[in-house]
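Take a look at the structure below. This report visits a strand and a helix, one after the other.

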Amino acid sequence: MKDHFNTQIDRRGTGSSKWDLMGSLFGVDPSEGLAMWTADSDYPAPACVQEAVRAEADRGIFGYFSDGARYTRAVTWWMANRHSWEIGADWIVPVHGLGNGVAMCIDVWTQPGDHVVIFSPVYHEFANKIERAGRNVTECPLKREGDRYELDLDDARARLTGKETMLIWCSPQNPSGRVWSPEELRAVAGFAAENGLTLLSDEVHHDLVYPGNTFVPMDVAAPDARDRLVTLVAASKTFNIAGQRCGALVIADPALRGQMQARLTALDSKPNTLGLIMTAAAYSPEGAAWVDAQIAHLIRNREIFDAAVNAIPGVRSLPLQATYLAWVDFSGTGMDFEEIRARVRDVAKIAASAGPDFGAGGETFLRINLATTEAIVAEAGARLQRAFADLQ
């Protein structure tokens with residue numbers, strides 16, 4: 001499948017957020033820039049997904065849809081076969097994408113003025129959604145130990161205000177690509193329990209884990225947490241179908257599940273039909289083979305990128321255990337973030353996610369998306385070397 005992942009597809013002018021918003025959001029001209037920011041891959045979905053979409057298009061009728069059973073069967077099969085996670089079919093609550101899922105959880109299990117715990121640096125939309133909902137962020141920094149981030153729960157406890165009602169956890173960790181151990185997951189679950197927090201575990205990147213690392217779902221590591229646990233999963237990042245707005249909340253506890261289902265019913269909120277169909281097609285043996293091939297491609301991209309970037313004095317791409325998002329530290333250059341960003345934007349002409357947006361610990365970082373062709377990754381590495389050539 002090497003050609004599948006290395007066939008250059010020009011996405012400019014197609015309505016792609018990743019490519020068409022480079023100018024307005026980053027000041028990078030799309031005609032010459034490289035879009036390496038949002039978590040969106042540049043290669044087509046697998047044939048099994050495309051065939052499912054084609055069959056629907058050929059039928060030509062797009063009315064109300066009732067076949068949620070195929071989607072549910074596919075989700076339970078995938079979690080059991082790819083993650084050794086046995087879930088009940090009734091645990092699955094489909095939502096209109098995981099962004100909507102996070103927002104719905106904040107809506108259902110917190111109140112305006114409540115505080116929500118996050119461990120930073122972490123996916124910036126957690127804080128954005130918390131604040132847009134009229135809640136407050138309690139930010140607990142992770143501890144940097146060499147190339148890894150570690151938990152510091154003693155520090156986290158000291159930061160609590162007593163107004164916290166929820167903890168949003170990211171596993172694997174975005175932006176650093178860290179895969180948490182079962183012991184760490186149990187520690188997080190214990191922290192949530194001792195402080196009376198509903199625990200959201202966002203596991204959307206769980207399929208993109210590199211050899212030598214084992215992803216464990218929070219529910220598997222800490223089954224005792226089920227009375228407060230909501231796990232968020234989707235095929236969106238794995239298969240690049242986020243535009244179809246389909247994800248799932250996996251909720252074992254009947255009381256929690258009933259509360260969410262009641263709120264979704266009240267708002268008449270449902271996932272996109274095509275998203276259900278595409279996910280069911282993706283979560284299959286054919287989809288699994290495609291994911292394995294994608295990981296092999298990403299390993300090569302990671303090697304190309306790290307070799308180029310780590311050759312720049314003062315720059316370090318942290319070793320990825322999971323995800324396709326390189327977390328690059330420029331602190332050794334001695335530059336402040338604005339100079340770093342200006343060089344990457346104006347000289348390298350790369351649109352990359354700003355580290356400070358991910359909270360404490362991201363001040364000298366950029367997050368760079370490697371889910372593209374080898375050629376673009378190699379070009380990005382060469383451009384970054386030119387942008388910091390005076391350091392060579």
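## A strand and its partners

Start with one pair of residues: V116 stands opposite M166, which lies in strand β7. This model is predicted. V116 and M166 belong to a wider pairing. Strand β3 (residues 115–120) runs parallel to β7, and 4 bridges link the two.

β7 also pairs with strand β8 (residues 198–202). Here there are 5 bridges, and the sense is again parallel. One of the matches joins L167 to L199 in β8.

## Enclosed by the rest

Is β7 mostly buried or exposed? Strand β7 covers residues 164–170, and 6 of its 7 residues are buried. Therefore β7 is largely enclosed by the rest of the structure.

## From strand to helix to strand

How does the chain get from β7 to β8, and which helix takes part? Helix α9 (residues 182–194) does. Together, β7, α9 and β8 form a β-α-β unit, and that unit is right-handed.

## A helix with a buried side

Now turn to helix α15 (residues 337–347). Its buried residues include F337, I340, R343 and V344. These residues span an arc of only 135° around the axis, so they sit on the same side of α15.

What do the buried residues of α15 pack against? Their contacts are β13 (350–351), β14 (353–354), β15 (365–369) and α16 (374–387).

After α15 comes K349. The phi of K349 is positive, near 55°.

Key
Residues are numbered from 1 along each chain as its sequence is written. This is a predicted model: local features need pLDDT of at least 70, side-chain atom pairs count only at pLDDT 80 or more; totals for chains, interfaces and linings use all residues. Side-chain values use heavy atoms; hydrogens and water are left out. Buried means under 20% relative accessible area, exposed over 50%, partly exposed in between (1.4 Å probe, protein chains only). Two strands pair if DSSP finds at least two bridges between them. A crossover is right-handed if, with the strands pointing away from the viewer, the path from the first strand over the helix to the second runs clockwise. The arc is that of the directions from the helix axis to the C-beta atoms. Contact means heavy atoms within 4.5 Å.
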